[in-house]
Amino acid sequence: MKLIIKLLLNAIAVFILAHVLSGVFVDGYLTAIIVAVVLSILNLLVKPILIIFTLPITIVTLGLFLLVINALIILLADKLIEGFSVSSIWWAILFSILLSILQSILHSLLKEDKK
C-alpha cells in the first residue's frame, strides 16, 4: 500500500513540475502515473549499471555527474513514453533536481513518528 502511495505522490510531483517547467510536457494524469512507474523501474534497473560504467568520471566530478545520469534516465523515459516530453538535457537536469526535492518533501509527509 505504501508503494502505491509513493508512486502516486511521484506522479503528482511529475504533473506539478510539468506545469511549472516550460521544457517538460505531460499529457495528463494517467501519463504522469506511467512516467512515475517507468522512472522507478529505470532507476531500479538501468541507473546502477550507468553508475558502475561512469564511476571514474563520477569520482573526478565529486558526484556531480550523477545529475547527468539522472537526466539521461529522464530522457530515456521521454523516448519510451508517449505523451511525456523533455525538450533538452538542461531541462532534464532541472526536472531531475526539482523532482528530487519535491519527492523528498512529499515523502516526508508520509513518514510516521516512530516512538
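Is Ile-33 buried, partly exposed or exposed? Ile-33 is partly exposed, because its relative accessible area is 34%, between the 20% under which a residue counts as buried and the 50% over which a residue counts as exposed. Before I go on, please keep in mind that this is a predicted model.

Let me stay with Ile-33. The residue sits in helix H2. If we leave aside neighbours within four places in sequence, Ile-33 is in contact with Leu-8 and Ala-11. For a sense of distance, take Leu-72, which is 39 residues away from Ile-33 along the chain; the two C-alpha atoms are separated by 19 Å.

Ile-33 also belongs to a nonpolar surface patch of about 820 Å². The other members are Ile-4, Leu-8, Leu-30, Ile-34, Val-37, Ile-41, Leu-44 and Leu-45. Which helix gives the most to this patch? That is H2, with seven residues. Helix H2 runs over residues 29–45, and both H2 and H1 supply at least two residues each. On the H1 side, one of the patch members is Ile-4.

Next, another residue of helix H1. Asn-10 is placed in that helix, which covers residues 2–20. Is Asn-10 buried or exposed? Asn-10 counts as buried, because its relative accessibility is 10% and the cut-off for buried is under 20%. Which residues does Asn-10 touch, not counting those up to four places away in sequence? The list is Ala-36, Ser-40, Leu-99, Gln-103 and His-107.

Last item, the aromatic rings. Two aromatic pairs are counted in the model. One of them is formed by Phe-84 and Phe-95. A pair of this kind is described by the distance of the ring centres and the angle of the planes. Here the centres are 6.1 Å apart and the planes are at 50°. The pair is classed as tilted, because 50° is neither under 30 degrees, which would be stacked, nor over 60, which would be edge-to-face.

Where do these two residues lie? Phe-84 is in strand E2, residues 84–86, and Phe-95 is in helix H6, residues 89–108, so the pair ties together parts that are eleven residues apart in sequence. Both rings belong to residues that count as buried: Phe-84 has a relative accessible area of 2%, and Phe-95 has one of 0%.

To recap: Ile-33 is partly exposed and is part of the nonpolar patch, Asn-10 is buried, and Phe-84 and Phe-95 form a tilted pair.

Technical notes
Residues numbered from 1 in each chain as written. Predicted model: local features only at pLDDT ≥ 70, side-chain atom pairs only at ≥ 80, totals over all residues. Heavy atoms only, no water. Phe/Tyr/Trp six-rings, centres within 6.5 Å; stacked < 30°, edge-to-face > 60°. Helix = DSSP H or I, 4+ residues; strand = E, 2+ residues; numbered from the N terminus. Buried < 20%, exposed > 50% of the residue type's maximum accessible area, 1.4 Å probe, protein only. Contact = heavy atoms within 4.5 Å. Patch = residues over 30% accessible without salt bridge, like charges linked within 9 Å, V, L, I, M, F, W, Y side chains within 5 Å. Areas by Shrake-Rupley, 256 points an atom, 1.4 Å probe, with all protein chains shown as cover. Salt bridge = Lys/Arg side-chain N within 4 Å of Asp/Glu carboxyl O.
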